[in-house]
Amino acid sequence: MRTGGEGDGYTPDPRRWRALSVCLVGGFMALLDVSIVNVALPSIREGLDASDSALQWVVSGYALAFGLLLVPAGRFGDMKGRRNAFVAGVALFTLASAAAGLAQSALWLVIARIVQGAAGGIINPQISGLIQQLFRGAERGRAFGMLGATVGISTAIGPLLGGLLIQAAGTAEGWRWVFYVNVPVGALAIALAYRFIPKFCDDQRRKESFDPVGVVLLAAGVVLVLLPLIQEEAWVGQSKWLLLAAGVAVLAGFVAWERRYARRARPMVDLNLFRRRSYALGALLGLAYFAGFTAIFFIYTLYLQQGLHYTALQAGLATVPFALGSAASASLGGPIVTRVGRTLIAIGLGLVLIGLVGVEIAVELVPGGHDGWATALPLLVAGIGSGLVIAPNQTLTLAEVPVAGAGSAGGVLQTGQRIGAAVGIAVVGAVFFASIADSGGDFALGFRHGLWVTIGFVVLSLVIALIDVYASRRAATGRHAAPEGPAVTAVPDRPSPPADQAPHNRAVTGQAFYDA
């Protein structure tokens, strides 16, 4: 059974949806551990006598390693096979989770979390690459919609699941089950991956250099950029921002190297992707949106637990409306985004803005202690909007990326999202804590000030989306008005056909065969 682009022998494999389900389980685990640990930090402090610095590294070490591995792991999957890379990432994540649950010291836990983050960075680019490889057309949009729902649910439901586990197992040992829960799920995902992910996903690989200089330069640049942002609260003084400047310089060197390397071999990151408006604006939109999307839960759970003295379970329950809204809309938005285009994302961002402004009004008007109930409806609206942003943006951003480079392209996109999340948490967190300090402990005021910064990031995302909508409509109008060539009906802000469906790419997408 051959696979390829539409019109070049592509035949959908009947196992593709089961393969996607397995991938989403792995992705859910990796993304869940970004947020689930937040409500467990007080229990970890008590159980391991951990310092503030150690607790910071339990969170930031995971995020740093996760962001560091995304692009190299995507490249590795493109070269060696995405099923192999996915299984290796899940296996490492499962072992690291067991080690984290068994931790007898804060240092042990920090090291296990760093390994967990690295494994998560291996898993995630394989998922977007496998979706590119297994699905075409509207089905690909639906698959990315399911991925978007997974992202939204895992981020929002993490505090709830963490709170439930701690409530069930007790504060002294409950934090360990935050990590143990990954072990049986990971073992099952490994077994099912070999059963349901087609073997051709490993056979269709490229034999070429790994671009080691590019890997080192990108890794160094990402570390230097993320480290001062992640450690913004822990490292006092302004000298830490010199690392950020150094990181930007190293990343500029990485760009120069990749351009030079591309003259003789395929680089780790195809910089020509950024000449495509869909990819460049989509990556920028993702960076800006994740700066706000991730930061809102960071300050909201702190506000509820430290300001209003909610339990971990109560704080987790308060995030459920957002998760439900995001899951529902993502499953609907994925299949239609290829017809509606970036306008759908602009509508989603508008709903997110309405929801977040509603949260601010609820916190201001409702007496303290009832915020969890008062913010439920606006968070539901914001969640519905978010589901129309994350997966549709990923679908459109990767629409013109050739399947052969889907892993590394997806890794670059997710690296931007991780940098955006770090920037958002650093900036919003700084405003949140500074407002609390200046007001003598007014957590509600601190949350509202941080929320307005978050709203600013969402507004920036909306501006980027509207620029793309306007540019797409102008391009469509120009094509419609062109006198030469056959008549074409222009569809406003609809993305161009994916590159893997273009005739020149048939050699790439039509060579692999499924196992019987």
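This report walks through the overall make-up of the chain, its aromatic pairs and a few individual residues.

## The chain as a whole

A word before we start: this is a predicted model. The protein chain has 21 helices and zero strands. Of its 516 residues, 56% count as buried. The accessible surface of the chain comes to about 20,100 Å², and carbon and sulfur atoms account for 67% of that area.

How do the contacts spread along the sequence? Taking the contacts between residues at least 6 apart in sequence, 83% join residues at least 24 apart.

## Aromatic pairs inside helices

If you enjoy looking at aromatic side chains, there is plenty to explore here. The count comes to 16 aromatic pairs. One of them joins Tyr 62 and Phe 66, with ring centres 6.0 Å apart and planes at 35°; an angle between 30 and 60 degrees is neither stacked nor edge-to-face, so this pair is tilted. Both residues belong to helix 3, which covers residues 52-80, and they sit four residues apart, about one turn of the helix. Are these two residues buried or exposed? Tyr 62 counts as buried because its relative accessibility is 1%, under the 20% cut-off. Phe 66 is also buried, with a relative accessible area of 1%.

Trp 175 and Phe 179 form another aromatic pair, this one edge-to-face. Their centres are 6.3 Å apart, with 80° between the planes. These two residues lie in helix 7 (residues 174-180), again four residues apart, or about one turn of the helix. Trp 175 is buried at a relative accessible area of 1%, and Phe 179 is buried with a value of 1%.

## A cluster and a charge over a ring

Further along the chain, five aromatic residues come together: Tyr 289, Phe 290, Phe 293, Phe 297 and Phe 322 form one aromatic cluster.

Trp 17 has a charged partner. Which residue lies over the face of Trp 17? That residue is Arg 142, at 4.5 Å from the ring centre.

## An exposed leucine

Leu 242 is worth finding in the viewer. This residue is in helix 11, which runs over residues 241-261. Is Leu 242 buried or exposed? Its relative accessibility is 63%, and the cut-off for exposed is over 50%, so Leu 242 counts as exposed.

Pro 228 is 14 residues away from Leu 242 along the chain. The C-alpha atoms of Leu 242 and Pro 228 are separated by 8.7 Å.

Definitions and conventions
Residues numbered from 1 in each chain as written. Predicted model: local features only at pLDDT ≥ 70, side-chain atom pairs only at ≥ 80, totals over all residues. Heavy atoms only, no water. Buried < 20%, exposed > 50% of the residue type's maximum accessible area, 1.4 Å probe, protein only. Phe/Tyr/Trp six-rings, centres within 6.5 Å; stacked < 30°, edge-to-face > 60°. Lys NZ or Arg CZ within 6 Å of the ring centre and 35° of its normal. Contact = heavy atoms within 4.5 Å. Areas by Shrake-Rupley, 256 points an atom, 1.4 Å probe, with all protein chains shown as cover.
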